Amino acid sequence: LLAPLQWVWPGAAVLLVVQTLILGAGGIAVFKFGERVVGPRAAATLAAGLLLNPSLHGINLRDIHPAAFAITLLVAAAWAYEAGRWGWCAAALVLTLACREDAAVAVVGFGVWLALARRRWALGAAVAAVSLLILWVDLAIVMPPYRGEPYSHLHRWRHLGDSLPDILVSLVFRPWRWIAVVATWPKLVYLLALLAPLGFLPLLAPRALAAAVPALAMNLLSLDPILINRRAQYQAYVLAISVLSAVEGYPRIKR
């Protein structure tokens with residue numbers, strides 16, 4: 001979708017500008033979502049909180065990454081859902097899936113949000129199941145022929161298995177393979193660094209925050225330290241859900 005811009009303005013600069021504009025639009029999406037949940041004044045404050053977030057700035061400064069676009073797209077999907085604009089919600093989720101292969105993990109999280117935070121159990125389960133299927137198709141069928149080799153990034157979770165199904169089985173039935181990997185001080189510090197700029201508000205909305213578990217698991221279970229760099233693009237999916245959770249956690253402070 002961005003390729004035509006190269007006809008007008010060749011080079012990377014236009015992509016850096018577009019990425020900045022898309023991330024900036026995330027503030028509008030947070031405001032529109034928050035306006036329906038907490039009212040305009042609090043929504044404006046929470047939107048400013050996203051735009052000032054250190055992780056957002058780090059993501060933007062660290063080259064060009066389509067995963068960054070998912071921040072705005074996921075929040076926009078939640079806003080569209082709240083507004084009853086189902087087509088726009090579906091379009092935002094499809095565009096999120098188009099960012100890159102692992103964006104399917106973020107859309108699984110959106111399915112969890114629908115199920116737990118909005119009590120749409122069947123719809124949430126369907127969104128999560130379709131996203132997992134798309135992820136498997138991408139990793140096992142679509143990408144290997146173009147790469148000329150199996151999907152290589154799975155080495156980050158090699159202690160859990162050699163394929164997506166094997167990794168999922170290990171998560172459920174072989175906890176000894178991942179508990180020691182997750183329970184470390186650097187990863188605790190990483191979680192604190194993500195929550196602190198949001199005033200720990202996401203903790204007040206645990207059902208919404210549960211939607212961040214798939215993306216958080218991807219980072220916490222990894223053996224690659226770059227995935228727990230709070231200023232890297234790998235935080236895009238976590239940040240989007242965390243901001244939604246902060247919006248939903250705010251009313252509990254007032255009560």
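## Exercises on salt bridges and a nonpolar patch

Glu 35 has a relative accessibility of 32% and therefore counts as partly exposed. The model in which this residue is examined is a predicted one.

**Exercise 1.** Determine which residue forms a salt bridge with Glu 35, and state where in the chain the two residues lie.

*Solution.* Begin with the distance: the closest N and O atoms of Lys 32 and Glu 35 are 3.5 Å apart, and the cut-off for a salt bridge is within 4 Å, so Lys 32 is the partner. Next, place the pair in the fold: both residues belong to helix H2 (residues 13-37), where a spacing of 3 residues separates them by about one helical turn. Finally, consider the exposure of the partner: Lys 32, with 28% relative accessibility, is partly exposed, and Glu 35 is also classed as partly exposed, at 32%.

**Exercise 2.** Decide whether the salt bridge between Arg 118 and Glu 248 links distant or neighbouring parts of the chain, and whether its residues are buried or exposed.

*Solution.* Start from the contact itself, in which the two side chains meet with an N to O distance of 2.8 Å. Then locate the partners: Arg 118 sits in the loop between helix H7 (103-116) and helix H8 (121-147), whereas Glu 248 sits in helix H14 (residues 236-254), so that the pair, 130 residues apart, links distant parts of the chain. As a last step, apply the burial criterion, which is under 20% relative accessible area; Arg 118 and Glu 248 are both buried.

**Exercise 3.** Describe the salt bridge of Glu 149 and then find which residues are joined into one network by shared partners.

*Solution.* Glu 149 pairs with Arg 147, and their closest N and O atoms are 3.1 Å apart. Glu 149 has a relative accessible area of 39% and is partly exposed, while Arg 147, at 35%, is partly exposed too. Turning to the network, salt bridges with shared partners connect Glu 82, Arg 118 and Glu 248. The count of salt bridges in the model comes to 8.

**Exercise 4.** Identify the residues of the nonpolar surface patch and the elements that give two or more residues to it.

*Solution.* The patch consists of Trp 7, Val 8, Trp 9, Val 17 and Leu 21, which together have about 640 Å² of accessible area. Two elements, helix H1 (5-8) and H2, give two or more residues to this patch. Taking one member as a check, Val 8 lies in helix H1, and with a relative accessible area of 71% Val 8 is exposed, since the threshold for that class is over 50%.

Definitions and conventions: Residues are numbered from 1 along each chain as its sequence is written. This is a predicted model: local features need pLDDT of at least 70, side-chain atom pairs count only at pLDDT 80 or more; totals for chains, interfaces and linings use all residues. Side-chain values use heavy atoms; hydrogens and water are left out. Helices (H or I, at least four residues) and strands (E, at least two) are DSSP runs, numbered from the N terminus. Buried means under 20% relative accessible area, exposed over 50%, partly exposed in between (1.4 Å probe, protein chains only). Patches are made of residues with over 30% relative accessible area and no salt bridge: like charges are joined within 9 Å, nonpolar side chains (Val, Leu, Ile, Met, Phe, Trp, Tyr) within 5 Å. Accessible areas come from the Shrake-Rupley method with a 1.4 Å probe; for residues, only the protein chains shown count as cover.
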